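User: I should like a close look at the salt bridges of this chain, with enough of the surroundings to place them. Please explain each term as it arises.

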Amino acid sequence: MNMSLATSTIQRINYLLSEQPSIRSFQWSPIMWGSTWSFLIISISAYIISSTTLHLLLLLLIRRRRPIPLGPIPALHSLAMLLISATIFLGILSSAVAEIRDTRWIWRRSKTPLQWLLCFPIGTRPSGRVFFWSYIFYLSRFLHIFRTFFTILRRRTLSFFQLFNHSILICMSFLWLEFSQSFQVIAILLMTLVFALVYGYRFWTEIGLRRARFPFVMNCHLVFLGCNLACHIGVLLLHFYNGGCNGMGAWFFNSVLNGFVLLLFLRSYVKTYYLIRENYFSVASSSISQVGDFVTSRTSNYKSVSKKEM
């Protein structure tokens, strides 16, 4: 009885995640919300302008760098992002398994399932289950950027790296769909897993539970970037030695942006551990995008950090 109930539940979840007609028949097209280049450019520009404007207004209107209380809003945002990330992770995992099962007869002589996950065959179109969840991931990036406004209001800082990183994520997820870019399945799986862990930890700390005694968020990002780099190398090898991969122009552009992000991250990571050695443990609760601000303003924030440690 319990086994049959578990089996039926799994089948029901699998149907909801990968077998619904709206998911199976998905097709990326210019009539969809957020699917045009003009929308991409305007939305990123609006994000940067509104963030900068809010930061400048607070500097002008409120001279003292007092944080503005937001109540339970950040915790609810973290919980929402946790649930969305977990759903996308399960959805694209289930969809990838289904796509491999249904289309393997076409490419099984030239690729293994792992190679398909890294390298779409040339001519792949942005339609079907996998691209449905890629589109949902793209839409979720617009909810993700609210984190910037929370940082401005509560910490009274605006990080160039945070603006750059969030803008890249929006642009990157758009290019995945527009050019049916290879590697996106693995990338979404890795990112949603990391986001689920990170936002779960943030929700944990937002409701007042104990923080980790090490930079949990930064270490999650470090593991992700390491896996991301290894997968990029795999895509490059498959492209040159296994007949080519789809969307390599977009892949190259994203690789350059990811390389820049990796360099900035490693710079912040080294500085963070240097500060931890000087007992600045409050940086452990900061996100990767806030570390640069902490490093550059450590002198002015020394008193507030000391009070938190006490």
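Analyst: The answer below begins with the chain as a whole, then turns to the salt bridges and afterwards to the aromatic rings.

This is a predicted model, in which local features need pLDDT of at least 70 and side-chain atom pairs count only at pLDDT 80 or more, while totals for chains, interfaces and linings use all residues. Residues are numbered from 1 along each chain as its sequence is written, and side-chain values use heavy atoms, with hydrogens and water left out.

The chain has 13 helices and zero strands; helices (H or I, at least four residues) and strands (E, at least two) are DSSP runs, numbered from the N terminus. Of the 310 residues in the chain, 48% are buried. Here buried means under 20% relative accessible area, exposed means over 50%, and partly exposed lies in between, with a 1.4 Å probe and protein chains only. Among the contacts in the chain with a separation of 6 or more, 79% are between residues 24 or more positions apart; a contact means heavy atoms within 4.5 Å.

Side chains of opposite charge can pair when their charged atoms come close. A salt bridge is a side-chain nitrogen of Lys or Arg within 4 Å of a carboxyl oxygen of Asp or Glu, and a search of the whole structure finds five of them.

One of these joins arginine 101 to glutamate 19, with the closest N and O atoms 3.3 Å apart. This pair links distant parts of the chain, since arginine 101 belongs to helix 4 (residues 73–107) and glutamate 19 to helix 1 (residues 2–19), 82 residues apart. Arginine 101 is exposed, at a relative accessible area of 52%, whereas glutamate 19 is buried, at 17%.

Glutamate 19 also forms a salt bridge with arginine 129, where the closest N and O atoms are 3.4 Å apart. Here helix 1 is linked to helix 6, the two residues being 110 residues apart. Arginine 129 counts as buried, at 3% relative accessibility.

Arginine 129 in turn meets glutamate 99 in a salt bridge of 3.1 Å, N to O. Arginine 129 lies in helix 6 and glutamate 99 in helix 4, so this pair ties together parts that are 30 residues apart in sequence. Glutamate 99 is buried as well, with a relative accessible area of 14%. Through shared partners, salt bridges join Glu19, Arg24, Glu99, Arg101 and Arg129 into one network.

Helix 6 (129–144) also takes part in an aromatic pair, between phenylalanine 131 in that helix and phenylalanine 120 in the loop between helix 5 (113–118) and helix 6. Rings of Phe, Tyr and Trp (its six-membered ring) pair if their centres lie within 6.5 Å; planes under 30 degrees apart count as stacked, over 60 as edge-to-face and the rest as tilted. The centres of these two rings are 5.7 Å apart and their planes stand at 50 degrees, so the pair is tilted. Phenylalanine 120 is buried at 1% relative accessibility, and phenylalanine 131 is buried at 3%. The whole structure contains 22 aromatic pairs, and ring pairs link a cluster whose members include Phe132, Trp133, Tyr135, Tyr138 and Phe142.

Finally, the charged end of arginine 141 sits over the ring of phenylalanine 137, 4.4 Å from its centre. A charge sits over a ring if NZ of Lys or CZ of Arg is within 6 Å of the ring centre and within 35 degrees of the ring normal.
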